[in-house]
Amino acid sequence: MDHVFYSWSAQAELNPITVEGAEGSWFWDDKGKRYLDFSSQLVNVNLGHQHPDVVAAIVEQAQVLTTISPTVANNKRSELAALIAERAPGDLDRVFFTTGGAEAVEHAVRLARQHTGRTKMLAAYRSYHGGTGVAIGLTGEPRRWGTEPTNVDVVRFFGPYPYRSPWGTTTPEDETAAALAHLEQVIVLEGAQNIAGLILESVIGTNGVLIPPPGYLAGVRALCDKYGIVYIADEVMVGFGRIGEWFACQAWDVTPDLITFAKGVNSGYVPLGGVVISEKIASQFDHKPYPGGLTYSGHVLGCAAGVASIGVFERDKILPHVRHVGEDVLGAGLSKLAESHPSVGEVRGKGFFWAVELVRDGQTREPLVPFAASGKDAAAMGTVTAAAKSRGLWPFVSGNRLQIAPPLTTSEDEIRQGLEILDEVLTVADGFTVDG
Ligand code: PLP
């Protein structure tokens with residue numbers, strides 16, 4: 001443990017638990033303590049831990065062929081690309097494989113620049129697009145600060161956030177209208193002729209589970225069409241079932257030009273990601289080389305796991321389960337908790353992806369901890385998080401939010417068990433409110 005240099009962390013302040021094993025929605029440490037995983041490990045293990053079908057597919061593939069260059073064909077790679085293309089919206093029919101989400105973003109941007117011959121990229125504040133060069137440069141949150149200056153020609157815009165509207169609107173419809181008017185201003189002032197692409201998480205993930213208000217994504221699509229800008233939907237976190245659709249943009253009937261994916265494609269059992277590419281863009285490279293590739297692109301073990309995962313989604317009707325249990329049990333349960341806990345400012349989400357936004361003061365909406373707080377300033381969230389973990393619940397904590405993202409295979413009973421623990425955890429959070 002002492003020789004591992006950990007991500008995004010002050011090394012000496014970390015004291016991570018040692019995880020020994022996992023199954024389904026649970027994992028356990030070396031002392032035998034069990035945790036109900038309401039984080040899916042960075043919103044990754046969509047089919048839960050150690051799904052037997054996916055594990056078996058990896059083992060089977062390893063016995064046949066463990067790796068092969070990305071420039072030759074392989075049956076699992078071809079099969080997975082076809083399965084993804086069938087499920088992607090519109091004419092998004094071709095798949096460029098990567099080893100993860102950030103690489104997928106790097107290549108989506110490269111495709112947009114190659115396609116348009118332009119360089120500027122539009123990206124939202126309150127976004128996360130990955131930890132590598134271009135991806136972290138696009139990222140609109142504090143993790144970028146430590147990496148600046150980044151070498152990306154990026155222009156930022158505000159997206160909708162009805163609970164804390166940048167424009168002071170009071171209805172979702174007004175928020176959509178204000179956000180689209182703002183975005184068009186940014187495009188015009190930057191010069192549409194200079195802008196290659198716009199990247200947007202279909203549901204803003206790490207930065208708050210921000211569900212787009214009605215008409216927003218369609219409006220973004222229309223602006224990109226109007227100005228010839230490539231629309232990249234970053235679905236690394238919300239693709240593959242997280243909100244009850246194969247791709248989250250399908251919930252709003254919107255077809256981007258490129259979709260980035262990773263994580264849920266095979267529950268992260270083997271690193272894999274990619275970009276689903278519209279025919280319009282892909283065909284541009286039919287007779288000229290695409291300038292990019294990775295030794296591990298479309299790793300056959302990852303692809304075999306992806307094929308098996310999609311098989312499980314279909315056989316076990318995962319998407320309907322997410323839609324039904326997500327709304328009727330998880331969403332309804334969280335909303336009920338909000339009624340009795342003054343620390344809950346807002347509950348929002350969809351499917352198996354929810355945020356419980358914690359506030360010190362429900363009237364003023366002052367967050368439980370200040371934006372980008374760390375150390376002492378973030379102590380209240382530290383106490384709330386510790387309260388969850390000591391009770392055997394592992395949430396995904398970001399800023400002043402408990403973000404709830406259980407594996408999509410989690411049963412109704414397990415969700416109820418998690419909600420009971422959350423009830424106790426929110427009582428701890430109530431103690432930090434102005435009335436607490
Ligand atoms: N894009 C989004 C929306 C993400 O949530 C993430 C990771 O959480 C990434 C990109 C980066 O993915 P990875 O960590 O696999 O590189």
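Helices and strands are taken here as DSSP runs, with at least four residues (H or I) for a helix and at least two (E) for a strand, numbered from the N terminus. On this basis the secondary structure of the protein, a predicted model, comes to twelve helices and 15 strands. The C-alpha atoms fill a box of roughly 65 × 55 × 45 Å along the principal axes. The radius of gyration is 21 Å, which agrees with a compact globule, because a chain of 436 residues would then be expected to have a value near 22 Å. Of the 436 residues, 50% count as buried. Among contacts in the protein with a separation of 6 or more, 73% are between residues 24 or more positions apart.

Seven strands form an open sheet with mixed pairing, in the order β4-β10-β9-β8-β7-β5-β6. Its edges are β4 (92-98) and β6 (154-157), each of which pairs on one side only. From one strand to the next, the twist averages 20 degrees.

Within this sheet, strand β9 (residues 258-261) is paired in the parallel sense with strand β8 (residues 230-234), over three bridges. Isoleucine 232 has leucine 258 of β9 as its bridge partner, and alanine 233 has isoleucine 259. Strand β10 (residues 273-278) runs antiparallel to β9 and is joined to β9 by four bridges. Here leucine 258 stands opposite isoleucine 277 of β10. Leucine 258 thus appears in bridges to both neighbours, with isoleucine 232 as partner in one and isoleucine 277 in the other.

In a regular strand the side chains alternate between the two faces of the sheet. Strand β9 is covered on both faces: Leu258 and Thr260 are buried on one side, and Ile259 and Phe261 are buried on the other.

Two helices that lie across strands of the sheet were examined. Helix α6 (residues 172-190) lies across β5 (120-124), β6 and β7 (195-201), and runs at about 155 degrees to β6. Helix α7 (residues 216-227) lies across β7 and β8, at about 170 degrees to β7. Strand β7 is therefore crossed by α6 and by α7. Glutamine 185 is found in helix α6. This glutamine counts as exposed because 11 C-beta neighbours lie inside 10 Å, the limit for an exposed residue being 12 or fewer. The C-alpha atoms of glutamine 185 and lysine 33 are 53 Å apart in space, with the two positions 152 residues apart in sequence.The ligand is surrounded by 16 residues, of which Gly100, Gly101, Ala102, Gly130 and Val236 are the closest. By class, this shell has seven nonpolar, seven polar and two charged residues. Helix α4 (residues 101-116) supplies the largest share of the shell, three residues.

Outside the seven-stranded sheet order, β1 (19-23) and strand β2 (residues 26-29) pair in the antiparallel sense over four bridges. The two strands form a hairpin with two residues between them, and glycine 24 in the turn has a positive phi of about 60 degrees. Alanine 22 has phenylalanine 27 of β2 as its bridge partner.

Several backbone features were also noted. A positive phi of about 45 degrees is found at tryptophan 8, although this residue is not a glycine. Tryptophan 8 is placed in the segment before β1. With 7 C-beta neighbours inside 10 Å, tryptophan 8 counts as exposed. Leucine 42, also not a glycine, has a positive phi of about 60 degrees and is placed in helix α1 (residues 40-43). Leucine 42 counts as partly exposed because 15 C-beta neighbours lie inside 10 Å. Glutamate 148 and proline 149 are joined by a cis peptide bond, with omega about 5 degrees. Proline 149 is in the loop between α5 (133-138) and β6, an edge strand of the sheet.

Definitions and conventions:
Residues are numbered from 1 along each chain as its sequence is written. This is a predicted model: local features need pLDDT of at least 70, side-chain atom pairs count only at pLDDT 80 or more; totals for chains, interfaces and linings use all residues. Two strands pair if DSSP finds at least two bridges between them. Axes are lines fitted to C-alpha atoms, for helices over the stretch in contact, and angles run from 0 to 180 degrees between N-to-C directions. Two residues are in contact if their C-beta atoms, placed from the backbone, lie within 7 Å. A residue is near a molecule or strand if its C-beta atom, placed from the backbone, lies within 6 Å of it. Ala, Val, Leu, Ile, Met, Phe, Trp, Tyr, Cys and Pro count as nonpolar, Asp, Glu, Lys and Arg as charged, and the others, Gly among them, as polar. The radius of gyration is taken over C-alpha atoms; the globule rule is 2.2 Å times the number of residues to the power 0.38. A residue is buried if 20 or more other C-beta atoms lie within 10 Å of its own, exposed if 12 or fewer, and partly exposed in between; C-beta atoms are placed from the backbone.
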